[in-house]
Structure formats: structure tokens, C-alpha cells
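Visitor: Please take a close look at the metal site in this model. I would like to know which residues hold the metals and where they sit in the chain.

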Amino acid sequence: RMAYDDYIKAGKIAGEVRENVRKTDWVGKTVYEICEYVESEIRKRGAKCAFPVNTSINEVAAHYTAEPNDELTITEDDLVKIDLGAQIDGYIADTAVTVCYNPQYDTLVQGAESALNNAMSMMKVGVKSSDVGRTIEKTIKDLGLIPIGNLSGHSLEQYTIHAGRSVPNIWSIGSFTFQEEQAFACEPFVTTGEGLGFVHEGKVKNIFALASRKKTKDKEADEMLDYIWNNFNLLPFALRWLLEKWEEKDARRLLEILVKKKAVHAYPVLVEGNGERVAQAEHTFIPNENGVTITTNP
Ligand code: MN
Ligand code: MN
């Protein structure tokens, strides 16, 4: 079972890198340094990046990655979600850790970790997704915190991060039953008791993915389209990743053309509705008859 072996291999790499990230003091470092470090650690271990490392700070829950030479710097008061992905032949490991240096926010981090652990503990073939959502929600609410209801985990397929099924973070109507041979990511997001418990789209968009391979009739833009397909397939990418081939200003201009022609989709950052801080924890797993294989446990 090649796919299974590749999931395990990608998971081991992503899990190791995540644990190194957890142990590192990032205060005074820029998000650019974090992204470049984490992405190079993934590649060094023989995997490709499944998506640009997300470094989403405080009320930004997800989908922020560093701009080229981004000077945004981590302070002692920041809560930083570092979400990373490794892939082998398109089989993805998706995992995240929240780092923080102010003990005031420890309960948020622990809430996300406990919810993830409780979800993993109950997981096996035959479990209903709505029951997983209920467990995550209850774990978080029992701590006086609020889960982000409109962010969820997801099924994974080759070269596809969001493969159609959602692993909910709250009890919700409509359910499926977990089966063997399918990989999923579980990722509880937690905010404070004052949070809205929902995210909305922010203005910044710096993560992209191919949406269509239809030619734009702009020769240079089409060249970038081919480059994206050949290097990233349908997986997300960042402007930083185009700078091996293009000057920054050319890359920005061509990417803008591709976004305008809808050949490339731009993902907005997701921000907590009341502007409250958000923590996240994430594992990739494959259910089995007795329990679960957490691929991203090193
Ligand atoms: Mn993730
Ligand atoms: Mn995910």
C-alpha cells in the first residue's frame, strides 16, 4: 500500500519538524524566518511542502504566510499558530502547534491540545463525525473557552488538502462515519470566552492555489501557470516560492494577472469575529478497527 506508506513517511517528517518548532523560542524572529526555517527542515528530511507554512498571530486564526522578507516579528505577548504540511508523492501530512510565551494564554493552547487528544482517543472505524464534533466542543467549553465553529478538519487525498469531508469542531447536523483507508486532519481552534466563535475573511491574501489550467493568452502569465502546475500541482503556494524563477515585482504582476483571470485562487486570512486570540492544534490520522494511526506523531 504505497499511499499508506507515503502518508506515514510524510507524517513522521511533519511531526518531527512540528516538535522542533514547539521547542524553539521564536520571540524576536520574523515570520519570514519561521517560514523559511520550517520549510527547509521539511525539505531537508526528503519531503516537499504541502503548502506554505502558516504563521497566524493572535486573532488571525489561519491562512497567513510570510511575504518575501516579511518583517512581522514575534513578541512575548503573541500567540502564534504554526501550521505546516509535508507531502510525499502528493500524500499529505498536515499538522499545527500554537506557541506562546505569555502564561495568560496557556489555557487556550491547552484547550486546543486537549480537544485534539480527546478526539483522537475516541477515533476508530465506525465513529460518527458529529460525535467527534461534540467531544471537541465539550472539551473546549468545559474550560470556559469557545470553539471556532466555522473552521474544521478535513479529509485528505493525493494532492488535495480539503478532499470533501469535514471533521467538525462543534456538534453539527449531517454526519459521516469514519472508515479505514482514508486520511483526515483534525484541527480544533479555540478562542476565549469573549470570542464570537466564528472567523470571517480578512483583507490580506498571501496563499494561492491553481484553480484552472486554461491558458490566459498572456505568454508570461501562461509560463507561470505551467510552473505552478509542475511544481505545486493543485496544492497551495506562496509568492516566496516563485522567486527562484522570477524577480519579486514580475512575480507579483504575473500572479495578479492569474488571480484576475481566475486561473489562480487567492485565500484570505481568517480572523476571529470579535478580534479575540485563537489557538490551534492539529494532527493527521488514519482510522482503523481498533483506534487510529496518528501519522504526525513522531
Ligand atoms: Mn494545517
Ligand atoms: Mn488542516
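Guide: Glu282 has a relative accessible area of 1%, so it is buried, the cut-off being under 20%. This is a predicted model, and every value here is computed from it. Glu187, at 6% relative accessibility, also counts as buried. Asp94 is buried as well, like Glu282.

These residues belong to the manganese site. The manganese ion (ligand 2) is coordinated by Asp94 (OD), His154 (NE2), Glu187 (OE) and Glu282 (OE), at 2.1 to 2.2 Å. Along the sequence, its donor residues follow the spacing D-x59-H-x32-E-x94-E. Distant parts of the chain are linked in this way: Glu187 lies in the loop between β8 (183-186) and β9 (189-191), while Glu282 lies in the loop between β12 and β13, 95 residues apart.

The manganese ion (ligand 1) takes its protein donors from Asp83 (OD), Asp83 (OD), Asp94 (OD) and Glu282 (OE), which lie 2.0 to 2.3 Å from the ion. Asp83 is thus listed with two OD donors. The spacing of the donors along the chain is D-x10-D-x187-E. Here too a pair links distant parts of the chain, 188 residues apart: Asp94 is in strand β4 (residues 91-100), and Glu282 is in the loop between β12 (278-280) and β13 (283-287).

Asp94 bridges the two ions, the manganese ion (ligand 1) and the manganese ion (ligand 2), which lie 3.2 Å apart. Glu282 is listed among the donors of ligand 1 and also among those of ligand 2.

As for the surroundings, the pockets can be described separately. The largest pocket has a volume of about 590 Å³. Its lining consists of 28 residues, of which His63, Ile161, His162, Pro236 and Tyr267 lie nearest its centre. By class, that lining has 15 nonpolar, 8 polar and 5 charged residues. Strands β1 (48-57), β10 (199-210) and β11 (264-272) each supply at least two of the lining residues, and β10 gives the most, with 4 residues.

The second largest pocket holds about 450 Å³ of space. It is lined by 21 residues, with Arg43, Asn231, Phe232, Trp241 and Glu244 nearest its centre. Elements that give two or more residues to this lining are α2, β1 and α5 (219-232). The largest share, 5 residues, comes from α5. The lining divides into 11 nonpolar, 4 polar and 6 charged residues.

Methods. Residues are numbered from 1 along each chain as its sequence is written. Chains are lettered from A and ligands numbered from 1 in the order in which they are written. This is a predicted model: local features need pLDDT of at least 70, side-chain atom pairs count only at pLDDT 80 or more; totals for chains, interfaces and linings use all residues. Side-chain values use heavy atoms; hydrogens and water are left out. Donors are N, O and S atoms within 2.8 Å of the metal (3.2 Å for Na, K and Ca); water is not among the atoms, so sites may look incomplete. Buried means under 20% relative accessible area, exposed over 50%, partly exposed in between (1.4 Å probe, protein chains only). On a 1 Å grid over the protein atoms alone, a cavity is a set of points where a 1.4 Å probe fits but cannot get out, and a pocket is an open set with protein on both sides within 12 Å along at least five of seven lines; lining residues have an atom within 4 Å of a point. Grid points are joined across faces, edges and corners, and a volume is the space filled by probe spheres set on the points. Ala, Val, Leu, Ile, Met, Phe, Trp, Tyr, Cys and Pro count as nonpolar, Asp, Glu, Lys and Arg as charged, and the others, Gly among them, as polar.
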